[in-house]
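Here are three short exercises to work through with the structure open. Try each one yourself before reading its solution.

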Amino acid sequence: MAKQNRVSHLHQSTGKLLRQAMVLGALLTAWQLTASSGRFPELLFPPLTKVFSFLLAEKAEIWQKTGFSLSLIGAGLSTAIIGAFITACLVMIFPPLHETVMLLMAVMHPLPGIALLPIFLLWFGIGEKSIVATIIFSAFWPLLANIVTGFKTVPAAQLEVGRNLGLRGGALVCLVMLPSATPHILTGLRVGWARAWQSSVAAELMYGAAGGLGGLGWYLYKKRYMMETAGVLAAMLVIIAIGILMEQLVFNLIELRTIRKWRTASD
Amino acid sequence: MPSVRKTVILLLILSLAVAGLTGCRQAPPPAASQNGDGETIRIAGQFGLVYAPLMVAKDKDIFAKYGLTVEWKEYGSGGAVREALTSGDLDVGFMGIPPFLIGWDKGVPGKVAIGFVCAPVSLISYRPEITAIEDFQSDDKIALPSPGSIQHILLAMQAEKVLGDPKALDNQLIALPHPDATSAMLAKKDIDAHFTTPPYIFQQLSEPDYHVVLSDREVFGNDFSFNVGIVTEKYHAEHPRGYASFVMAINEAMAWINENPYEAAELLAPNFNLDAATTLKYMTWEGMNYTTAPYGLLGFADFMQEAGYLTKVPEKLSDIAWENVLAIVGKRGGTPSEIESLQHRTAE
Amino acid sequence: MMQPKLEIKAVVKTFPRAEQAIIALDDVNLTVNDKEFLTVIGPSGCGKSTLLRCIAGLEQSDTGLITLNGREVKRPGPERMMVFQGFEQLFPWLNVLGNITYPLRIARRKMTARERLKTAEYYLNLVGLPDAAGLYPYQLSGGMKQRVAIARALSLNPEVLLMDEPFGSLDAITRNALQKEIARIWQETGVTIVFVTHNLEEAIALADRIVVFSQGKIRAIVSNHLPRPRSFDNPDFGLLWDRLHYLLDAGAGTKEIRIVTGGSTAAGLVF
């Protein structure tokens, strides 16, 4: 019975991938047609061919800058994840903390990390630290919100089984709440990643180089000032591609191995 | 299956969108005002010591004397001004010659309508051991306004001359607006040097330890226009009277500044949060020159093309400048005149 | 005399509410003997579940004492394993095997992985699910889920098995089947069971003694000597049913009452 499920799942995912590819292909064709029609100057609307040749010509620099951006996100996101987990655990173990944290969240969550960048620049100076701080701030709140929701919506019966086994406090949180909250945690990770990625690029766009080499945002910034619209679009394509890769390779895989396997979330 | 149907519908919508996009034309720019008398012009309002003539023209409403109604527009950066000129959102913008050339190379439809201000541009540091750009270590940070700015190009020119590679210092650059970089410099935090312009040069140099590492004279050899006024081809073609009014208004503002420096300083001082005496000092500093004569229009192009910032260079001045500019430069029979030579770079 | 397994002495538990506190347990005294199958019956809201939860340590009584094998118990622990009514008590992120081995890892740290596996397999067999090890909870029927829950509880070798209306969410046929199962399991393992239900037939079919509970008090304790396996055909079943029904309806009297029925002759009713 499990094997049949796996086969039909494969069919579903292939079909879905095909459909996505079709839509993407249509969008790209639409782009190329519009660009080659000549209605818009090349500066405003470069043809896809130019964008791709740009990608190929500058692939070394794009590769390097992408790696740099990803390393910053790796540092920032992992800090945010660990911080969010610890805070969520503490909130569940010590109920008085809950109100304080929820109040903080109500104030901080709506703030885009970018808005705090000037303050971070004052505190941490110009450079990687400020960008990483922005990333951490952007990712922390959605992560925390989702993890806490996940913890709070664990069915009471499972918690009682946990307590029945003698679990309390931190052990109860880690051994019962955590696995049970997987769907919410996954959502939190998805949102946290998206916000981290966006805020890292946006921060570099706002304030130039992050570090000596800079990341994709810095690349976009340079291309803009050199009026290389094709380069700007090439960078955007890379940003989109990474987003898609992250989703398909990482999150989708996690989802398949966990909540799809356990059927704990509605499809 | 419903998902196939959804995809087909999506594709239909997409094709309609494409058809719409390829079929629509760009919106025409706002027409000249209804009465045949006055014209309208859209200028990017820019602010600073190096935009004094524009500020004077605005404050004293000199444009009105020539029957010109100005629609002032605000943009966040020089890059944004360039983009606005391209998209037809703007008729006049001021910028440095290198950024203009980059835009011209990429097809921004505009040319130089007036020279504007010559100003000292210097690389300043507070670190005593840095006396020339060869002294920079790989983790020293240099601040400048943006990639492709005049500061960036001057630095690249010097880097090519003494370090052999115009991009040698590119990894140490940080793009910062002048005020932020000045704060960082004065706090001696985060950056080691700042390639900057008046009044920030003067502010920093009046502190002990702050010294010039590289001056524009050293790199370029002669004066060059720090910024120039660019007018779009469309406006120039469709509004000749508006164009002429604009040029005359700026000329008059400039003449007034040069003939009445004290009054000019008093008029502009409140805008800069300085007292009139300091404003006057800054405006008459060695090297500051408010003039519509162009300098160095062609001096950057060859270098920029060799270094890869441009794909083509202007073959003649009329490629990048309008008639009144060409008239100022002239064309001497025989050897070129001084002012013709001054469009090029004398330092090598 | 053998020490009773569980002793509940003078336990009082109130729940504070807006207008008037609810007295869930009003000076309850009860002993549970080793290896006995005790059921607690009563209408909804009478406090029987609260009593069970106090024994389990999931609730704390206000006053009174609960001892297990002579030692006081307050906090929850695996020696008093509970099986709940709902279907959400299994961990959805683990398959059936995992649902048994995971608690073993938590509560019996000294067991090796192989021992855990063997134990899990043994108890899955015991509850009649030898082939279900790899299934996930979403793939199980209600009856199967409850069996797994029972296997999980038993695998921890508890001193007493607490069951809170475990078959209440099942259809009548499955319920019947599981009643037979739990009776068989009890006879095979000899574990002490305290079983809460509001279903009289269930109580009579399963229990050695039946505690009639209402409004926070024990109204009567009825010994059940019907021979096993029990069936409706036995006329004493009906008699006992009548007695219990009467006691439930009456809801009066505070003395502990013993009603003995046996054989086919009517016995005395003592009030």
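**Exercise 1.** Work out how many residues of chain B are in contact with chain A, and which elements of chain B supply them.

*Solution.* Keep in mind that this is a predicted model. Start with the count: 31 residues of chain B meet 27 residues of chain A, taking C-beta atoms within 7 Å as a contact. Next, sort chain B's side by element: helix 1 (2–23), helix 4 (78–87), helix 5 (97–106) and strand 7 (173–175) each supply at least two residues. Helix 1 of chain B has the largest share, with nine residues. Finally, split that side by class: 15 nonpolar, twelve polar and four charged.

**Exercise 2.** Now do the same for the side of chain C that touches chain A.

*Solution.* Here, 19 residues of chain C are in contact with 17 of chain A. Two elements of chain C give two or more residues each: strand 6 (80–83) and helix 2 (96–107). Helix 2 of chain C gives the largest share, three residues. By class, you get 15 nonpolar, three polar and one charged.

**Exercise 3.** Find which residues touch the most other members of the largest nonpolar core, and explain why this core lies between two domains of chain C.

*Solution.* The core has 241 residues, and L162(C) and V194(C) touch the most other members. Helix 6 (residues 128–152) of chain A gives the most to this core, 15 residues. In chain C, domain 1 (1–79 + 160–257) and domain 2 (90–157) both contribute residues, so the core lies between them. To finish, zoom in on V194(C): leaving out residues up to four places away in sequence, V194(C) touches V32(C), L38(C), V40(C), L52(C), I55(C), V160(C) and L162(C).

Notes
Residues are numbered from 1 along each chain as its sequence is written. Chains are lettered from A and ligands numbered from 1 in the order in which they are written. This is a predicted model: local features need pLDDT of at least 70, side-chain atom pairs count only at pLDDT 80 or more; totals for chains, interfaces and linings use all residues. A nonpolar core is a set of buried Ala, Val, Leu, Ile, Met, Phe, Trp, Tyr and Cys residues joined through C-beta atoms within 7 Å. A residue is buried if 20 or more other C-beta atoms lie within 10 Å of its own, exposed if 12 or fewer, and partly exposed in between; C-beta atoms are placed from the backbone. Helices (H or I, at least four residues) and strands (E, at least two) are DSSP runs, numbered from the N terminus. Domain bounds come from an automatic or database domain assignment. Two residues are in contact if their C-beta atoms, placed from the backbone, lie within 7 Å. Ala, Val, Leu, Ile, Met, Phe, Trp, Tyr, Cys and Pro count as nonpolar, Asp, Glu, Lys and Arg as charged, and the others, Gly among them, as polar.
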